[in-house]
Amino acid sequence: MASLGLVIFILSCAIFQAFPISSSNNYGGLFPELYQFSCPQANEIVMSVLEEAIAKDPRMAASLLRLHFHDCFVQGCDASILLDKNSAFKSEKEAGPNKNSLRGYEVIDEIKAKLEQVCPHTVSCADILALAARDSVVLSGGPYWEVPLGRRDSKTANFNKANVNIPAPNSTIQNLINLFNKQGLNEQDLVALSGGHTIGMARCVSFKQRLYNQKGDNLPDVTLEKTYYNGLKSICPTSGGDNNISPLDVASPIRFDNTYFKLLLWGKGLLNSDEVLLTGNVKKTKELVKSYAKNEAIFFLHFAKSMVKMGNINPLTELKGEIRKNCRRIN
């Protein structure tokens, strides 16, 4: 009998025949068919591990999507985020945006171990992150896209860039645009990829400022809808509770859909970096929020395209990197 993941995978592909997200172009030396002969079971192995992990912990889908994002924004999509510290460098895991926040490393370890058994020294950790992000979205009800493959793994990490390049939850709209532009991503990519917040949770420390001291005047953010605001206060008190969590999409926190954008229109965006897409006085981002709230198919199409684009940020190919045996350490 077909597994649930396979059924969702097939349905997702069928839905998107109307919007084929093809990556058959050469994306800087990356190709979707790369492991077709060298490791034909790769997709199946990734999906089977994710099915089990997400069934146990539905929040894991968002965690794996975020892991890929935080990897790509620091020296490109090279799995540097997975490296533990050693004598030569500090780990990106210890950087401000990642410490006590990023999750899912053990799921990537499990996928890697299974791939190494079947196809030793073939599938890179960077490609595993890209495939896990795509399949996590599919298993949550989101779009399918072809993932260009062939990234190599870095031999170093960049703790400092991890502290600077990853957008903070209290970012202004201009700050967000600048950080995305720095990675070759535009305003449409920013809004579409922010839609990844349709799944997952955020810690109280990420939105406390909005509840109690948005502009340094000990007052809340006026854009917050009142009932939503009162609910958040019960989760996130003025002092303590920093690690308490709240859904980024309060209406459907484990389903990948366009509700996130509808909530923004209703004053129910959790993070400042979510809300400013609508209220930050940038016409393009405001229009896209409204468009995605109205039309889920357009959001899915743009999200898939932007994920392919993000997955192509400065990949290491051929001799520039390596294929790690263990994602936590260089060979």
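**Exercise 1.** Which cysteine forms a disulfide with C72, and how many Å apart are their sulfur atoms?

*Solution.* The structure shown here is a predicted model, and the task is to find the partner of C72 in it. In a first step, we look for a second sulfur atom and find that of C77, which lies 2.0 Å from the sulfur of C72. In a second step, we apply the cut-off, which asks that two cysteine sulfur atoms be within 2.5 Å, and the pair C72 and C77 is therefore a disulfide. In a third step, we turn to the torsion about the S-S bond, which is 120° for C72 and C77 and makes this link right-handed. Finally, we ask about accessibility: C72 has a relative accessibility of 0% and C77 has a relative accessible area of 1%, so both count as buried, because buried means under 20%.

**Exercise 2.** Determine which parts of the chain are tied together by the disulfide of C39 and C119.

*Solution.* We begin with the bond itself, in which the sulfur atoms of C39 and C119 are 2.0 Å apart. The torsion about this S-S bond is about 70°, so the disulfide of C39 and C119 is right-handed. Next we place the two residues: C39 belongs to the loop between α1 (4–15) and α2 (42–56), while C119 belongs to the loop between α4 (105–118) and α5 (125–139), so the bond ties together parts that are 80 residues apart in sequence. As a last step, we check accessibility, and C39 at 1% counts as buried, as does C119 at 5%.

**Exercise 3.** Describe the disulfide of C125 and C327, and then place it in the pattern of the whole protein.

*Solution.* The sulfur atoms of C125 and C327 are 2.1 Å apart, and with -95° about the S-S bond this link is left-handed. C125 is in helix α5 and C327 is in the segment after α14 (296–310), and the two residues, 202 apart, connect distant parts of the chain. Both cysteines, C125 and C327, are buried. Turning to the whole structure, a search finds four disulfides, and when the bonded cysteines are counted along the chain, their pattern reads 1-4, 2-3, 5-8, 6-7.

**Exercise 4.** Work out where H197 lies and which residues it touches.

*Solution.* We start from the record, since UniProt lists H197 for "binding site" in an unreviewed entry. H197 sits in the loop between α8 (187–194) and β1 (201–203). Its relative accessible area is 25%, and H197 is therefore partly exposed. Leaving aside residues up to four places away in sequence, H197 touches L248, D249, Y260, L271 and D274.

How values were computed. Residues numbered from 1 in each chain as written. Predicted model: local features only at pLDDT ≥ 70, side-chain atom pairs only at ≥ 80, totals over all residues. Heavy atoms only, no water. UniProt positions renumbered as here; feature names shortened; annotations may be inferred. Helix = DSSP H or I, 4+ residues; strand = E, 2+ residues; numbered from the N terminus. Buried < 20%, exposed > 50% of the residue type's maximum accessible area, 1.4 Å probe, protein only. Contact = heavy atoms within 4.5 Å.
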